[in-house]
Amino acid sequence: MQNSVRSVTRMDGVQAPIIPVVADLIRQVPGTISLGQGIVHYGPPPAAIDAARAALADPATHEYSGGSGRPDLLTCIGNKLARENGIDVARGSAVMVTAGANMAFMHAVLAISEPGDEIVLPVPFYFNHEMAIQMAGCRAIPVPTDARYQLQLDALSRAVTNRTRAIVTISPNNPSGAVFPESLLRVVNNLCRDRGLYHISDETYEYFTYGSARHVSPGSFPPAAAHTISLFSLSKAYGLAGWRIGYAVYPIDLTSAMLKIQDTILICPTVVAERAALAALEVGRSYCDSHVRELAGIRQIVLDALDTLGPVCEVPPAEGAMYCFPRVATTLDPMQLAERLIREHKVAVTPGSAFGMTEGCHFRVAFGALQRETVAEGIGRLVSGLREICG
């Protein structure tokens, strides 16, 4: 018998993606309502669908496009960044269109690091960020946030070593829903500048804020262009998750590295998705804003219901994105709790251990995919399940 060539690789140390794990459990229990995956319940603007349909008849759609993206889309993105984010790409930055913000993050890590380097992740972090760092042969350095999931600046500063290459922030935050104030983001950005680091700012949920919370782009802080990498996505705001389209804004001196990575991994963005993205951006953020107003009401239903659990479940402020990240008073492992909620109560959440929370029991509730007719049933199952399991 021929021996297997399978050997230990760097992938053995990377956690399994949690969303497919939870999805498999859901499939085993028909009728489960998912509060797990971070998607929106709406699709793209009609103009984006029309643009994609028209693109099919254009021979250029079936050819390679520019590695960084179509010129018309790049121009539109540059205008959007100046108008909405305060980022002038003419002042030392470049833009690249990618297959979603996850790819943009992977590109950024590969462009700025070498194996053995460190990248600082405030906890809770987005699990795909840790996975990308490990795949690049680097070390993710988890740094705790405070009880409200806000950044602890002293802890971030202490985590920096001579192998640190970047500090990552996500605001509005996945998974906690926290929105980092401008004052904290300025300090992080200045820390990166002073210590020779990159500030990787994931702004996937830039439009998803509630109440008085406001999103701020660190790339707008002068002189941030030389050390700030800003990541954006159309998946949530424009309902284009399956189209895989996002973009990165990065210091111009990383252009050579970014183009090498893009050409190897993707070659170029999918042209039909670029055409749809251009049409969506021309419609503008008002399309998303109308849906965010609806989500604000759904979010309040979720928070009010969880609040009835009292000491069993504590929910820190969740002023952005489409998530909250409760702490539960139980000795159960988060994955055990998630599995029991699915099997016994037909409701799914994402265990907090996937987001780097190794102490206590936390889980992420995602409410973006819910409509008003399903939110009450889903959150009702969650509340009754937590009462029975943890009460």
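**Group meeting: a walk through the model**

Let's start with one residue: Asp 194 is exposed, with a relative accessible area of 54%. The cut-off for calling a residue exposed is over 50%, so Asp 194 makes it at 54%. And before I go on, please keep in mind that what you see on the screen is a predicted model.

Who does Asp 194 pair with? That would be Arg 193: the two form a salt bridge, and their closest N and O atoms are 2.9 Å apart. Arg 193 itself counts as partly exposed, because its relative accessibility is 37%. While we're on salt bridges, some of them share partners, and in that way Asp 117, Arg 163 and Arg 165 are joined into one network.

How many salt bridges are there by this rule? The count comes to 17. One of them I'd like you to find is between Lys 80 and Glu 206, with the closest N and O atoms 2.8 Å apart. Lys 80 sits in helix α3, residues 71-85, while Glu 206 is in the loop between β6 (198-202) and β7 (228-233), so this pair ties together parts that are 126 residues apart in sequence. Are Lys 80 and Glu 206 buried or exposed? Both of them are buried.

Another salt bridge for you to look at is Arg 83 with Glu 84, where the side chains meet at 3.8 Å, N to O. Arg 83 counts as exposed, at 55% relative accessibility. Glu 84 has 27%, so that one counts as partly exposed.

Okay, on to the sheet. It's an open one made of seven strands, and if you walk across it you go β2-β8-β7-β6-β5-β3-β4, with mixed pairing. Which strands are at the edges? They're β2 (93-98) and β4 (139-144), each pairing on one side only. On average, neighbouring strands of this sheet are turned by 20° against each other, if you ignore direction. There's also a helix on this sheet: α5, residues 127-135, packs on it and touches β3 (118-123), β4, β5 (164-170) and β6. The direction of α5 makes about 165° with that of β3.

Quick reminder for anyone new to this: strands of a sheet pair through backbone hydrogen bonds, either parallel or antiparallel. Here, β7 and β8 (residues 246-251) run antiparallel, joined by four bridges, and Leu 231 has Ala 248 in β8 as its bridge partner. On the other side of β8 comes β2, again antiparallel, this time with six bridges. Val 95, for instance, has Val 249 in β8 as its bridge partner.

So β2 is an edge strand, but how many of its six residues are buried? Six of the six, so to speak: the strand is mostly covered. Look at both faces and you'll see Ser 93, Val 95 and Val 97 on one side, with Ala 94, Met 96 and Thr 98 on the other, all buried.

What packs against β2? Part of the answer is helix α9, whose buried residues pack against α2 (46-55), α3 and β2. α9 covers residues 271-283, which is 13 residues, and reaches 19 Å from its first C-alpha to its last, close to the 18 Å expected at 1.5 Å a residue. This helix is mostly covered too, with 10 of its 13 residues buried; among them are Val 271, Glu 274, Arg 275 and Leu 278. Right after α9 comes Gly 284, with a positive phi near 95°.

Last stop: strand β14, residues 361-366. Six of its six residues are buried, so β14 is largely enclosed by the rest of the structure. Cys 361, Phe 363 and Val 365 are on one side, and His 362, Arg 364 and Ala 366 on the other.

Which strands pair with β14? Going along the chain, there's β10 (residues 323-324), antiparallel with two bridges, and here Cys 324 is partnered with Val 365. Then β11 (residues 327-328) is also antiparallel to β14, with two bridges, and Val 328 stands opposite Cys 361. And β13 (residues 350-351) pairs with β14 over two bridges in the antiparallel sense, with Pro 351 opposite Phe 363.

That's the tour; thanks, everyone.

Technical notes:
Residues are numbered from 1 along each chain as its sequence is written. This is a predicted model: local features need pLDDT of at least 70, side-chain atom pairs count only at pLDDT 80 or more; totals for chains, interfaces and linings use all residues. Side-chain values use heavy atoms; hydrogens and water are left out. Buried means under 20% relative accessible area, exposed over 50%, partly exposed in between (1.4 Å probe, protein chains only). Two strands pair if DSSP finds at least two bridges between them. A salt bridge is a side-chain nitrogen of Lys or Arg within 4 Å of a carboxyl oxygen of Asp or Glu. Axes are lines fitted to C-alpha atoms, for helices over the stretch in contact, and angles run from 0 to 180 degrees between N-to-C directions. Contact means heavy atoms within 4.5 Å. The expected span of a helix is 1.5 Å times one less than its number of residues.
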